[in-house]
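Have the sequence and the 3D view ready side by side. We will walk through a few parts of this model, step by step.

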Amino acid sequence: HSYKPSEIQKWLDANLLKVGKPGRYVGGEYNQVVKPWGAVTTHVALAFPDIYDLGSPNLGLAILYDILNQRSDVAAERVYSPWSDMEALMRQDDLPLYSLETKHPINDFEILGITLPYETLFTNALNLLDLAKIHLRTRERTAEDPLVIAGGHATSNPEPMADFIDAFAIGDGEDLMIDIVNVYQAWKTQGLTRVDLLKKLSAIPDVYVPSLYSPVYFSDGRIQSITPLDESVPSTILRRITPKLPPPPTHFIVPNIDVVHNRVAIEIMRGCTRGCRFCHAGFYNRPVRERSVEEIVNGIEEALKNTGFEEIALLSLSSSDYTHIMELVDSLGERFAGKHVSISVPSLRIETLSIDLLEKLKGSRHSGFTLAPEAATEAMRYTINKPISQEDLLTTVREIYRRGWPSVKLYFMIGHPYETLEDVQAIINLCQAAVQEGRKTLGGRASLHAGISTFVPKPHTPFQWVPMDSLDQIREKQGMLRSQLRGPGLKMTWTDPQETLLEAWLSRGDRRLGDVILKAWQTGAKFDAWQDQFNFEIWEKAFTAVGIDPYFYSHRQREEDEVFPWDIIDTGVRTAYLRRQYQQSIDRVFQPDCRDKCLACGIVTAYKPLRQGLAQDVWQCPGDEPTQITGEGV
């Protein structure tokens, strides 16, 4: 049965009281955009493959929703994954997945755009396609099916999902999504085949169409090459970089129910210059681009007026590295004084977190501060390129407590390359010393929360060549921490090591993992990012059924010249530069912030055409052509 929007609405009226949180499924929120279906040329469904509570505040989708709906010929609508109770009812009555705005089935849309910010959404993406009654594999789709595209950080290695996605949008999506829509509209008027559409999309330099490429493997399972099947398609895909961030969205949708973040979120800066060697986002999002203080403040004021939210989040990878952070906080304090608005500044660097900034934020409704030392010994800090002294950390923590904040959260990572048990013991000692600083000032009110994650060697980073810790090693280190990080004022949370393994396999895998992901979904894998839904045994059985050893992807030292699945994506950062950084991690050599000294990573050369005619500070990149830079490795 092909449901019409009126029939879907009738079904909702009859069934919504049978599920928890029916507000997830009704739409009609303040600031949603509804256009008459027949008045636009192209309908785009924007999907976050998890529940409304998580997807509604997603800034990436909010940006695309705003940009697409500014066009009179395009309607962008939203769709999220239903929770299990709603899904069961939908499957019982064969109700297709639908958009929140107009209740049209998703397979009525011309384009379905799926955001994949992390790998544990892969099975949810398949489930979403199935609920939308769209063929799972791209090779099974016809011209009548929506074009299925995907973007997000987890697509920096697109190969594991290559069987299911028609085209990947690689890099910044603001302009790229418009280019994709334009190509689609031109194709639609020409009456060509779906293969013709895919070839036309592949002509966009930042779009990867996996069906136009074929991986070739050595007998031992390593990749020999990913070969274009048509001479017209490029050998590598250059990541799209937006040289100047567009105006921020100011008409955020006000959700029907309480979601993870009810706030105005504004990206003050994109990219990072610190060069932490484990950090995928830091290398993948180069170079730094900053918004002006005036644009940020005016955007926030407009957004608060349009939403009624009472919290502002200043987002970036390293908010206190924003060049004008003090001026920004001053301006926000002046503009919103007495209006009961709180300011959240995540991602504060210990070495740049000034006491002045703490004082300026004191009037905001902060209950605590989060800092990320990542490691607790000098050797580990130099390995990962984050040299923060224990003295500096304790001084910062002391000043936070002295100014009345009762809670500090410290993020650490275990499993770094070359880590010893002594390095893990140092995390315990440092946390104990830090909470004691608080108890000297605040007594029993002082608390410290240690968040312990586990290292995964991510694509496009200097550590992409290294193996990760074994399950036994992770459990031994976590056991040490759990047994000793306890006592008055101390709390510890950690990552399930099996979840870490799955993240490693999916982020480092090749195209052969498509069969594994499909098998896992068919046998019940879903909501893998949820601890109470994650089932590691399903994944183990899926790998066995397909005949693939998952540890081939996670626990093997890579050769210097090995071809990675993600080498099809050119981020603009030279492989030689990443390799040099990897060697310096072994030698425990610290590399400075590249705002202070250009290290010739290659980003300037790769994007010189985009940079021509732009002011130097648009990119916040101090270097010029690498051939003009003297120094090691150039």
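The tour goes from a sheet to two pairs of helices.

Keep in mind that this is a predicted model. Start with the sheet. It is open and has 6 strands, in the order 2-1-3-4-5-6. The pairing is mixed. Strands of a sheet pair through backbone hydrogen bonds, either parallel or antiparallel. Which strands form the edges? They are strand 2 (74–80) and strand 6 (207–208), and each pairs on one side only.

Now look at the strand 2 edge. Strand 1 (residues 42–48) runs parallel to strand 2, and 7 bridges join them. To find one of these partners, pick A47: its bridge partner in strand 2 is V79. Helix 3 (residues 59–69) packs on the sheet here. Helix 3 touches strand 1, strand 2 and strand 3 (111–115). Its direction makes about 155° with that of strand 2.

Move along the sheet to helix 7 (residues 194–202). Helix 7 lies across strand 4 (147–151), strand 5 (167–169) and strand 6. It runs at about 25° to strand 4.

Next come helix 13 (residues 390–402) and helix 14 (residues 421–442). Their axes come within 9 Å and cross at roughly 30°. Angles under 35 degrees count as roughly parallel, so helix 13 and helix 14 are roughly parallel to each other. Helix 13 passes helix 14 in a right-handed crossing. Which residues make the contact? Helix 13 brings Q390, L393, L394, V397, R398, Y401 and R402. Helix 14 brings L430, A433, A434, V435, E437, G438, T441 and L442. By class, this contact has 9 nonpolar, 3 polar and 3 charged residues.

Stay with G438, which is found in helix 14. Is G438 buried or exposed? Its relative accessibility is 0%, so G438 counts as buried. Setting aside neighbours within four places in sequence, G438 is in contact with Y401, G443 and A446. G438 and L448 are 10 residues apart in sequence, and their C-alpha atoms are 8.5 Å apart in space.

Finish with helix 15 (residues 471–484) and helix 16 (residues 497–508). Their axes come within 10 Å and cross at roughly 140°. Helix 15 and helix 16 are therefore oblique to each other. Their crossing is right-handed. L471, I474, R475 and Q478 of helix 15 meet P497, Q498 and L501 of helix 16. The residues of this contact divide into 4 nonpolar, 2 polar and 1 charged.

Note on methods: Residues are numbered from 1 along each chain as its sequence is written. This is a predicted model: local features need pLDDT of at least 70, side-chain atom pairs count only at pLDDT 80 or more; totals for chains, interfaces and linings use all residues. Side-chain values use heavy atoms; hydrogens and water are left out. Axes are lines fitted to C-alpha atoms, for helices over the stretch in contact, and angles run from 0 to 180 degrees between N-to-C directions. Helices (H or I, at least four residues) and strands (E, at least two) are DSSP runs, numbered from the N terminus. Angles under 35 degrees count as roughly parallel, over 145 as roughly antiparallel, 65 to 115 as roughly perpendicular and the rest as oblique. A crossing is left-handed if the near helix is turned anticlockwise from the far one by less than a right angle, and right-handed if clockwise. Contact means heavy atoms within 4.5 Å. Ala, Val, Leu, Ile, Met, Phe, Trp, Tyr, Cys and Pro count as nonpolar, Asp, Glu, Lys and Arg as charged, and the others, Gly among them, as polar. Buried means under 20% relative accessible area, exposed over 50%, partly exposed in between (1.4 Å probe, protein chains only). Two strands pair if DSSP finds at least two bridges between them.
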